[in-house]
Amino acid sequence: MTTTTLPSAARTRGRFGGPRLRRRLAPYLFVLPFVVIFLAFSVYPLIFTARLSFTNWHGTGAAEWVGWGNYAYLLGSPAFWSSLGNSAVLWLLIVPVQMVLAVIVAVLLDSAKLRLRGMYRVAFIVPFVTPLVAVAQIWVVLFDQDHGAVNALLGLVGLPDVGWLTTSAWAKPTLALLFLWKTTGFIVIILLSGLQSIDRSMYEAADLDGASPIRQLWSITVPLLRRTIMFAVVLQTLAVFQMFAEPFVVTQGGPYNSTTTAGYYLYNHITRGDLGTGAANSFLLVIIVMILSLFFVRLLRAKD
């Protein structure tokens, strides 16, 4: 009986080629499209924008290197800080109110005693999936000072017209109300998912101890939903500081720049062709939002 010895190259192909090599390469081939798309549409634009933020460029010609000049200009600009202040006020008007409303609505929708729960859940998510521009246009019609339905209702009860979109005192609350109506349903769905993970035996034990529904909400539901609520807070913080379409369609940043949000202020640089300053503005906005998000995460850990 003779034994055939394979050449060295053939043994190498048998060891590393064929099905075994394909099995080793298969995971990388599956993730390759994502990696290519991620590099092309996320990493490269990020690097390009970072480099652009250190230049003075208006879209044509050679970019002039200015170093930290764009950042120094923004940090010394009252308009930049005013836009951040407007976003901060909107955050105060939106996020605390929205979290309270969303928790209450989520608890009600999670109740087994509520009939037609599925219909109510769909009704709450409809505003979120409705195109924002269409909703904003409806808001303009509803809150028009001269011909809007809201002022018409106020007139029926003898109250004077209100400049919802034309006065600095009311423009922010009107935008905040639009944002609340548009996105609260989405937060309710997030909190509902968190409620599903709470052990029902805890509520049964609380019932046996005679705890009222409000006591159960405060002592069981809210503590166990803390992580989910904090996640929703971070999401809405990102959304509020990036808010653009609402002021763009409803108020155009007015009156007197009272609704010029951080996102809308960034847009103004782009429309003027000041791309270098706009890139620096976007990076400052990212840093600020990251700091706020880390603050909320640390706040959550401190209570664990």
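**Exercise 1. Decide whether Trp181 is buried, partly exposed or exposed, and describe its ring partner.**

Step 1. Trp181 has a relative accessible area of 42%. Buried means under 20%, exposed over 50%, and partly exposed in between, with a 1.4 Å probe and protein chains only. Trp181 is therefore partly exposed.

Step 2. This is a predicted model, in which local features need pLDDT of at least 70 and side-chain atom pairs count only at pLDDT 80 or more, while totals for chains, interfaces and linings use all residues. Residues are numbered from 1 along each chain as its sequence is written, and side-chain values use heavy atoms, with hydrogens and water left out.

Step 3. Now for the partner: Trp139 is buried, at 8% relative accessible area. Its ring and that of Trp181 form a tilted aromatic pair, 6.1 Å centre to centre with 40° between the planes. Rings of Phe, Tyr and Trp (its six-membered ring) pair if their centres lie within 6.5 Å; planes under 30 degrees apart count as stacked, over 60 as edge-to-face and the rest as tilted.

Step 4. Trp139 sits in helix α6 (residues 132-142) and Trp181 in helix α8 (residues 168-195), 42 residues apart. Helices are DSSP runs (H or I, at least four residues), numbered from the N terminus.

Step 5. Widen the view: Trp139 and Trp181 belong to one aromatic cluster with Phe143, Trp164 and Trp170.

**Exercise 2. Classify the pair of Trp91 and Phe296.**

Step 1. The whole structure holds 21 aromatic pairs. In the pair of Trp91 and Phe296, the ring centres are 5.9 Å apart and the planes lie at 15°, so this pair is stacked.

Step 2. Trp91 belongs to helix α4 and Phe296 to helix α14, so the pair ties together parts 205 residues apart in sequence.

Step 3. Check burial: Trp91 is buried at 17%, and Phe296 is buried at 9%.

**Exercise 3. Describe the lining of the second largest pocket.**

Step 1. A pocket is an open set of points on a 1 Å grid over the protein atoms alone, where a 1.4 Å probe fits, with protein on both sides within 12 Å along at least five of seven lines; lining residues have an atom within 4 Å of a point.

Step 2. Seventeen residues line the second largest pocket, and Met99, Val103, Trp218, Val222 and Ile229 lie nearest its centre. Two or more lining residues come from each of α4, α10, α11 (226-241) and α14 (275-303).

Step 3. By class, this lining has 15 nonpolar, no polar and 2 charged residues. Ala, Val, Leu, Ile, Met, Phe, Trp, Tyr, Cys and Pro count as nonpolar, Asp, Glu, Lys and Arg as charged, and the others, Gly among them, as polar.
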